[in-house]
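Please examine the sequence and the three-dimensional structure shown below. The explanation after them leads from the overall make-up to single residues.

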Amino acid sequence: MKKIEGILRDQRAASFPLTICMVLSLMILFCGISEYFRLQIIAAGVREAVEDAVITVVNDNYAGVYHGVREGYSGSYQAFGGGWEETLNEGDIYSYLDSTLGTRLSGGRHVKFAGDHNNATEYAIDSLAVTIRNAPLAPSDPRNAQRFEAEAEVALEVPVRFGGKVLPSVQMHLKVQAGYTEVF
């Protein structure tokens, strides 16, 4: 440590290469941190959009979950013949994501292109899986019964750029869940 301090205090400009090395190291570190934050911001934005889409699916099923003809918070059922039949709507989450995030279908995936260029991919979304867990019809224990829930899982792929080059993509699986919670 004293040797470095001595070089920095030397009057013969011997510290000039060390100063350049330190500045370049800090710039590379800053670029890496910036790319990490870019990836985190994209993942958070996509996660929020998928969460909004799942909440929309739950809201679309609201009328079936709490129907005015019967009492209670049973699942999404309708009378059919002599019994009850589930009526669930999974919605169109991809269309919602396309309109919210500005993605479009390309090669079987929903891709967001960077800027006006159609060759630079900002991120891609695919492998959407929607699971709806319906609340039971007339549960014996309403306080501990399964509530109406919708869950969605997507695969997000974001290309990593560093030093003007595209590095291997980061792949993440985002999972969100929304449910209908009765108020009264």
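The paragraphs that follow treat the overall composition, the sheet, the helices and a few chosen residues.

This is a predicted model, in which local features need pLDDT of at least 70 and side-chain atom pairs count only at pLDDT 80 or more, while totals for chains, interfaces and linings use all residues. Residues are numbered from 1 along each chain as its sequence is written, and side-chain values use heavy atoms, with hydrogens and water left out.

The protein contains 4 helices and 7 strands; helices (H or I, at least four residues) and strands (E, at least two) are DSSP runs, numbered from the N terminus. Read from the N terminus, the order of elements is α-α-α-β-β-α-β-β-β-β-β. Of the 184 residues in the protein, 27% are buried, where buried means under 20% relative accessible area, exposed over 50%, and partly exposed in between (1.4 Å probe, protein chains only). Among the contacts between residues at least 6 apart in sequence, 57% join residues at least 24 apart; a contact means heavy atoms within 4.5 Å.

The sheet comes next. It is an open sheet of 5 strands in the order β3-β4-β5-β6-β7, with antiparallel pairing; two strands pair if DSSP finds at least two bridges between them. The edge strands are β3 and β7 (165-179), each of which pairs on one side only. From one strand to the next, the twist averages 35°.

Strand β4 (residues 109-113) pairs with β5 in the antiparallel sense over 4 bridges. Within this pairing, phenylalanine 113 stands opposite threonine 121 in β5, and histidine 110 has isoleucine 125 of β5 as its bridge partner. Strand β5 (residues 121-133) also includes serine 127, a residue other than glycine whose phi is nevertheless positive, near 55°. On to the next strand, 8 bridges join β5 to β6 (residues 149-162), and the two run antiparallel. Here threonine 131 stands opposite glutamate 151 in β6, and valine 130 has alanine 152 of β6 as its bridge partner.

Strand β6 is largely enclosed by the rest of the structure, because 10 of its 14 residues are buried. Its antiparallel pairing with β7 extends over 13 bridges, and arginine 161 stands opposite valine 166 in β7. These two strands form a hairpin with 2 residues between them, and glycine 163 in the turn has a positive phi of about 65°.

How do the helices relate to one another? Two packed helices are described by the angle between their axes and the distance between the axes. Helix α2 (residues 16-60) and α4 pack at an angle of about 135°, with their axes 9 Å apart; axes are lines fitted to C-alpha atoms, for helices over the stretch in contact, and angles run from 0 to 180 degrees between N-to-C directions. This angle makes α2 oblique to α4, since angles under 35 degrees count as roughly parallel, over 145 as roughly antiparallel, 65 to 115 as roughly perpendicular and the rest as oblique. The contact is made by Gly45, Val46, Ala49, Val50, Asp52, Ala53, Val54, Thr56 and Val57 of α2 and by Ile93, Tyr96, Leu97, Thr100 and Leu101 of α4.

One residue of this contact is alanine 49, which lies in helix α2. Alanine 49 counts as buried because its relative accessibility is 3%. Leaving aside neighbours within four places in sequence, alanine 49 is in contact with Tyr96, Leu97, Thr100 and Leu101. The C-alpha atoms of alanine 49 and isoleucine 93 are separated by 9.5 Å, although the two residues are 44 residues apart along the chain.

The last residue to consider is threonine 103, placed in the loop between α4 (93-101) and β3 (104-106). Is threonine 103 buried or exposed? Its relative accessibility is 6%, so threonine 103 counts as buried. The side chain of threonine 103 makes a polar contact with the side chain of aspartate 98 (2.5 Å); a polar contact is a pair of N or O atoms within 3.5 Å, and within protein one must be able to donate a hydrogen and the other to accept it, while residues adjacent in sequence count only if both atoms are side-chain atoms. Not counting residues up to four places away in sequence, threonine 103 touches Leu97, Asp98, His110, Val111, Lys112, Tyr123 and Ile125.
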